[in-house]
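Student: I'm new to this one. Could you walk me through how to read its features?

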Amino acid sequence: MAAAQESSKVCEAFPMKSGDGPKSYAKNSTFQREAVDVAKQLIVNEIAEKLDIDVLLSSKSNTFHIADLGCSTGPNTFSAVEGILEAVQLKYQSQMMNSQVPEFQVFFNDHTTNDFNMLFKSLPQNRPYYAVGVPGSFYGRIFPNASIHVVHSSFSLHWLSRVPKQVVDRNSPAWNKGRIQYSNSTDEVVRAYEAQFAEDMECFLHARAQEIVHGGLMVIIIPGRPNGSSHSDSVANATLLLVGSCLMDMAKEGVLLEEKVDSFNLPMYYMSPQELEAAVEQNGFFSIERLEYLPRVPVDDTVSEQLASHLRAALEGLIKQQFGEEILDELFDRYRKKVEERLSILEIESGKPTHFLAALKRKAN
């Protein structure tokens with residue numbers, strides 16, 4: 001009963017494109033994979049320097065628990081988990097504790113509508129860990145008290161638990177007519193998204209503070225925006241604005257109803273490192289051990305096509321639910337062409353890095 005109450009926060013599910021077909025998330029998530037690879041050595045360093053394995057040694061269990069939140073369908077989650085596991089093994093070996101290296105159990109978490117069948121089919125055959133699927137929103141409790149040693153999450157925390165209610169209310173000053181997100185909208189819409197982000201982050205940190213052992217680590221890769229920049233300066237927001245522009249073009253041409261666009265908003269928010277710092281400070285249960293931008297990954301001349309396929313894998317379910325399946329090919333073809341026309345404006349090929357890595361340690365209080 002208590003566990004059900006802890007997980008009572010109302011959250012909507014936004015699963016990635018399932019399966020392993022040409023348009024699936026599994027085949028269209030290389031941008032995310034490259035960021036995970038770039039962050040791997042930083043995560044290894046954090047585990048080597050900051051993970052307190054004495055906590056595990058003082059417990060009766062000899063099982064080390066790793067959780068990946070927002071795992072989707074693979075294969076990126078397996079690469080991230082293996083990097084963490086190897087780093088923990090190195091930590092034991094560096095302290096001459098080979099005989100005490102624990103067994104590993106990995107919890108793969110995502111919404112109940114995630115394609116867990118695809119995830120399980122893709123599991124590495126000779127994996128050095130026991131795998132468990134954990135359905136449920138990470139904005140609520142999903143694990144018992146003090147049961148997890150390392151939490152990892154990448155490219156997940158920009159998804160809100162839901163679209164702010166005010167932005168789809170015609171009678172609200174924050175009604176977001178003609179737009180699908182907040183970055184080019186009114187102050188009222190921006191504040192509604194900021195408030196939803198703040199509420200969600202407090203729920204996320206509160207739940208993790210109960211689930212992670214004292215001295216445990218949480219490492220997060222976050223697509224965001226630089227400190228001091230406006231929401232409209234975010235590269236991620238700029239790319240999403242083009243999706244909204246395509247939808248409005250199609251509405252004006254009669255391909256779809258404009259009212260459908262007016263009632264459609266993306267449940268995504270791109271935070272800055274400062275916003276994360278403020279949320280962690282307010283929560284009070286974690287110390288920030290590392291917070292730094294990840295270097296930009298070089299792109300080639302297929303970037304517009306890759307962006308279109310990657311974004312489709314992430315948004316297809318939401319768009320299909322609102323507008324129907326028949327518009328998908330045309331929408332993302334239009335989007336690809338707009339990206340090609342605006343590559344320099346979007347700063348895709350150059351500019352400030354926008355993804356950042358945060359390493360948080362559970363305080364012993």
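Tutor: Sure, we'll take the sheet and then the cavities. This is a predicted model, where local features need pLDDT of at least 70, side-chain atom pairs count only at pLDDT 80 or more, and totals for chains, interfaces and linings use all residues. Residues are numbered from 1 along each chain as its sequence is written, and side-chain values use heavy atoms, with hydrogens and water left out.

Student: In what order do the seven strands of the open sheet come?

Tutor: The general idea is that strands pair through backbone hydrogen bonds, either parallel or antiparallel. Strands (E, at least two residues) and helices (H or I, at least four) are DSSP runs numbered from the N terminus, and two strands pair if DSSP finds at least two bridges between them. Here the order is β3-β2-β1-β4-β5-β7-β6, with mixed pairing. The edges are β3 (130–135) and β6 (286–293), each pairing on one side only. From one strand to the next, the twist averages 15 degrees; angles run from 0 to 180 degrees between N-to-C directions, with axes fitted to C-alpha atoms, for helices over the stretch in contact.

Student: Do β5 and β7 run parallel or antiparallel?

Tutor: Antiparallel: seven bridges join β5 (residues 212–223) to β7 (residues 355–362). One pair to look for is Ile220 with its bridge partner in β7, Ala358.

Student: Which strands does α4 touch?

Tutor: Contact means heavy atoms within 4.5 Å. Packed on the sheet, α4 touches β1 (63–69), β2 (103–110), β4 (148–154) and β5, and its direction makes about 150 degrees with that of β2. Helix α9 (residues 273–283) packs on the sheet too, touching β5, β6 and β7.

Student: How many cavities of 30 Å³ or more are there?

Tutor: Rolling a probe the size of a water molecule over the atoms shows where empty space is left. On a 1 Å grid over the protein atoms alone, a cavity is a set of points where a 1.4 Å probe fits but cannot get out, and lining residues have an atom within 4 Å of a point. Grid points are joined across faces, edges and corners, and a volume is the space filled by probe spheres set on the points. This structure holds three such cavities, and the second largest has about 50 Å³ of space. Its lining includes Val36, Lys40, Ala80 and His152.

Note on methods:
On a 1 Å grid over the protein atoms alone, a cavity is a set of points where a 1.4 Å probe fits but cannot get out, and a pocket is an open set with protein on both sides within 12 Å along at least five of seven lines; lining residues have an atom within 4 Å of a point.
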